[in-house]
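Trainee: I would like to go through this protein with you step by step, beginning with its interior and ending with how far the coordinates can be trusted. Could we have it in front of us before we start?

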Amino acid sequence: MKDRLIFLLVGCLTLVGLVGCNEQSEFVVEQTQTITKAFEDGDMNTINNTIFGTSEIKPDGKLSDVWGESTDEEKGVLACIFQYVRIEVKRVGESEIEYEIEAPNMKNVFADMESEDTDISEKDFLQYIKNYIQSAETVKSKVSLGYIVTENQLVVDYQNEEFINAVTGGILDAYKSLYSEILEKYERGEE
């Protein structure tokens, strides 16, 4: 009789724990829909708030028109990339969310620009990038981000470099590579 009571008590505690985990999991899935919906809708304010921590990004004046973080965001590079991005929540674990991200493959955008052996003016640069985005094949990435739930709020680090690189189709790595290449040429005394 005593063994049955202990077994019943352990079973009840297990069920209560499973229900609690399931409720948290459902809450996390609901909250992650904010970012997936923002990409579906092209909501640059939500995307900027989520990824960059602010909706009012003000980079250098010359760069703002190119990258799309000015007041006229729908014309910039990131906004052009993001309109082709699809994000899906694949799995929600106890402390991790796995996303599958499909984006235009921008990994070779700068290398391809150099291989075309054409001088591109600042004015033509944005149009070149936009054309590249439209013709690029898509690439899928899986990114896992840790999360915590505090006071009924989901906290996820969307400023994670792997996530940003995935939603930009690899343009972050492409830019870092280009920057390193330019720096090396400068250090060698070239151009």
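Trainee: Which residues does Phe 82 touch, not counting residues up to four places away in sequence?

Mentor: Since this is a predicted model, we are reading contacts from predicted coordinates. Phe 82 belongs to the largest nonpolar core, which has 45 residues, and together with Tyr 99 and Phe 163 it touches the most other members. Leaving out residues up to four places away in sequence, the residues that Phe 82 touches are Phe 39, Met 44, Ile 47, Ile 51, Val 167 and Thr 168.

Trainee: Which residues of helix H2 are buried?

Mentor: Helix H2 covers residues 44-52, and Phe 82 touches Met 44, Ile 47 and Ile 51. In an α-helix there are 3.6 residues a turn, so residues three or four places apart point the same way. The buried residues of H2 are Met 44, Thr 46, Ile 47, Asn 48 and Ile 51.

Trainee: Why does Asn 48 count as buried?

Mentor: Asn 48 is found in helix H2, and its C-alpha lies 9.8 Å from that of Ala 38, ten residues apart in sequence. The class, however, rests on accessible area, where buried means under 20% relative accessible area. Asn 48 counts as buried because its relative accessibility is 1%.

Trainee: In what order do the strands of the open sheet stand?

Mentor: Strand S1 (residues 86-92) runs antiparallel to S2, joined by six bridges, and the two form a hairpin with three residues between them. S2 is in turn joined by nine bridges to strand S3 (residues 138-150), again antiparallel. With four strands in the open sheet and antiparallel pairing, the order is S1-S2-S3-S4.

Trainee: Which strands stand at the edges of that sheet?

Mentor: An edge strand here has a single partner strand, so one side of it is left without a neighbour in the sheet. Neighbouring strands of this sheet are turned by 35° against each other on average, direction ignored. The strands at the edges are S1 and S4 (153-156).

Trainee: Which residue stands opposite Arg 86, and how many residues of S2 are buried?

Mentor: S2 has partners in both S1 and S3, and on the S3 side Ala 103 stands opposite Val 139. The residue opposite Arg 86 is Glu 102 in S2. S2 is mostly covered, and of its nine residues the number buried is seven.

Trainee: Why is the pair of Phe 110 and Phe 125 called stacked, and which cluster do ring pairs link them into?

Mentor: The two ring centres are 6.5 Å apart and the planes meet at 10°, so the pair is stacked, planes under 30 degrees apart being counted that way. Phe 110 lies in helix H5 (residues 109-115) and Phe 125 in helix H6 (residues 122-135), so the pair ties together parts that are 15 residues apart in sequence. Both residues are buried. The cluster that ring pairs link is Phe 110, Phe 125, Tyr 175 and Tyr 179.

Trainee: Where is confidence lowest in the protein chain, and where is it highest?

Mentor: The chain averages a pLDDT of 78, and 74% of the residues score at least 70. Over residues 5-21 the pLDDT is below 50, and this stretch has zero contacts beyond near neighbours in sequence, whereas residues 66-74, also with pLDDT below 50, have 25 such contacts in the model. Confidence is lowest in helix H3 (residues 61-67), at a mean of 49, and highest, at 95, in strand S2 (residues 96-104).

Technical notes
Residues are numbered from 1 along each chain as its sequence is written. This is a predicted model: local features need pLDDT of at least 70, side-chain atom pairs count only at pLDDT 80 or more; totals for chains, interfaces and linings use all residues. Side-chain values use heavy atoms; hydrogens and water are left out. pLDDT is the predictor's confidence in each residue, from 0 to 100. Contact means heavy atoms within 4.5 Å. Buried means under 20% relative accessible area, exposed over 50%, partly exposed in between (1.4 Å probe, protein chains only). A nonpolar core is a set of buried Ala, Val, Leu, Ile, Met, Phe, Trp, Tyr and Cys residues joined through side-chain atoms within 4.5 Å. Rings of Phe, Tyr and Trp (its six-membered ring) pair if their centres lie within 6.5 Å; planes under 30 degrees apart count as stacked, over 60 as edge-to-face and the rest as tilted. Two strands pair if DSSP finds at least two bridges between them. Axes are lines fitted to C-alpha atoms, for helices over the stretch in contact, and angles run from 0 to 180 degrees between N-to-C directions.
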